[in-house]
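Student: Please pick one part of this model and look at it closely. After that, set out what else is worth finding in the chain.

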Amino acid sequence: MSATLIDGKAFAATIRSKVADHVARLKKEQDLTPGLAVILVGEDPASQVYVRSKGKQTTEVGMTSFEHKLAADTSEAELLALIQHLNANPEVHGILVQLPLPDHMDEDLVINAIDPAKDVDGFHISNVGLLGTGQKSMVPCTPLGCLMMLRNHHGSLSGMNAVVIGRSNIVGKPMAQLLLGDSCTVTVAHSRTKDLAEVVRRADIVVAAVGRPEMVPGDWIQPGATVIDVGINRIEAPEKGEGKTRLVGDCHYASCAEVAGAITPVPGGVGPMTIACLLANTLTAACRANGLPEPDGLTA
Ligand code: NDP
């Protein structure tokens, strides 16, 4: 293996520690404690795990965690009323509605009911527009985490060829906007892209956000390129025993690591950065809400 490992787990720990230091200062000097409200509707097991982890990490950095667990048959009107209540609560600086929502709810309507200044997921249409026009916004956590890792590894990204595989609203599109904002030449690939291998071979930076286990092989990677693997896919792992599974990314790690200059592992790459960036966004929102300077290096 020749690639440098980009250790998202370790980097996320440094982000959390920066956030915790800043939170401690806000408490001491401003009597201000940033607060994050997380709303979970229903009992999806994966969502429950994410919400627990978010709550735990929120309190670990010294912020207040408000958890709202609603039954799966909660009406949309009840959820919207809760969001209005949290929008008006000055102790809540960030609001996150865990997706997916049950089928009887309109996700766009719910997300757009959040005060954009408290939209720490960066999914509100105002934040999407602000990001797209290069203005100060709340930036979606996963692409923000990828950007921070790229900046930390390369310093300037200016002039680099970046290929983002995937065009979802939560990863692919905002990732492309962020890379454009850092003056990369950006190509966004998707399921209809012709000759994807050739497109990816031109990239100095590859961000894979597809949701297909190990889809990108090493021979698609330009020697020395940086590979950011966003995918989280659970596959069967008979080598670990009957019925066992393991997590893999969208890139075939072993073959990509042979040729890449740097690569994020799965797990331990982009995943831990996502929650760290949620905490960073909550801190940023609390500073903005109180007219205080924003923390350095924690925003796009
Ligand atoms: P979506 O399913 O919303 O989007 C997938 C994208 O991949 C689509 O744009 C789709 O194209 C494209 N695609 C699908 N098949 C191909 C193909 N054969 N060739 C090229 N492009 C293809 O997924 P998300 O963006 O939500 O998530 C992507 C992955 O990232 C998932 O594995 C998810 O679990 C993971 N993830 C990880 C996070 C983390 O914290 N690490 C956070 C969020 C997501 P088209 O638009 O044409 O259909």
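Tutor: Start at the ligand: one of its nitrogen atoms is 2.9 Å from an N or O atom in the side chain of Arg 212. This is a predicted model, in which local features need pLDDT of at least 70 and side-chain atom pairs count only at pLDDT 80 or more, while totals for chains, interfaces and linings use all residues. Residues are numbered from 1 along each chain as its sequence is written, and side-chain values use heavy atoms, with hydrogens and water left out.

The Arg 212 pair is listed as a polar contact, meaning a pair of N or O atoms within 3.5 Å (within protein, one must be able to donate a hydrogen and the other to accept it, and residues adjacent in sequence count only if both atoms are side-chain atoms). Two further pairs use oxygen atoms of the ligand: the side chain of Arg 167 offers an N or O atom at 2.7 Å, and that of Thr 274 has one at 2.8 Å. On its own the ligand would expose 930 Å², and the protein buries 70% of that (Shrake-Rupley method, 1.4 Å probe; for residues, only the protein chains shown count as cover).

There are 22 residues around the ligand, and those that come nearest are Arg 167, Ser 168, Ser 191, Arg 212 and Thr 274; a residue counts as near if one of its heavy atoms lies within 4 Å. By class, this shell holds 10 nonpolar, 10 polar and two charged residues. Here Ala, Val, Leu, Ile, Met, Phe, Trp, Tyr, Cys and Pro are nonpolar, Asp, Glu, Lys and Arg are charged, and the others, Gly among them, are polar. Helix 10, residues 270-289, gives the most to the shell, with three residues. Helices (H or I, at least four residues) and strands (E, at least two) are DSSP runs numbered from the N terminus.

Just ahead of helix 10 is a loop that starts from strand 11, and Pro 267 lies in it. Val 266 and Pro 267 are joined by a cis peptide bond, with omega about 0°. Most peptide bonds are trans. A second cis bond links Leu 99 to Pro 100, with omega about 5°; Pro 100 is in the loop between strand 4 and helix 4 (107-111).

Strand 11 belongs to an open sheet of six strands, ordered 1-11-8-7-5-6 with parallel pairing; two strands pair if DSSP finds at least two bridges between them. Strand 1 (4-5) and strand 6 (185-189) are its edge strands, each pairing on one side only. Within the sheet, strand 5 (161-165) and strand 7 (205-208) are joined by four bridges, and Val 164 has Val 207 as its bridge partner. Helix 6 (141-154) packs on this sheet and touches strand 1, strand 7, strand 8 and strand 11; its direction makes about 155° with that of strand 8. Contact means heavy atoms within 4.5 Å, and such angles run from 0 to 180 degrees between N-to-C directions of axes fitted to C-alpha atoms, for helices over the stretch in contact.

Strand 4 belongs to an open sheet of three strands, in the order 3-2-4, with parallel pairing. Strand 3 (64-70) and strand 4 (94-97) each have a single partner strand, so one side of each lacks a neighbour in the sheet.
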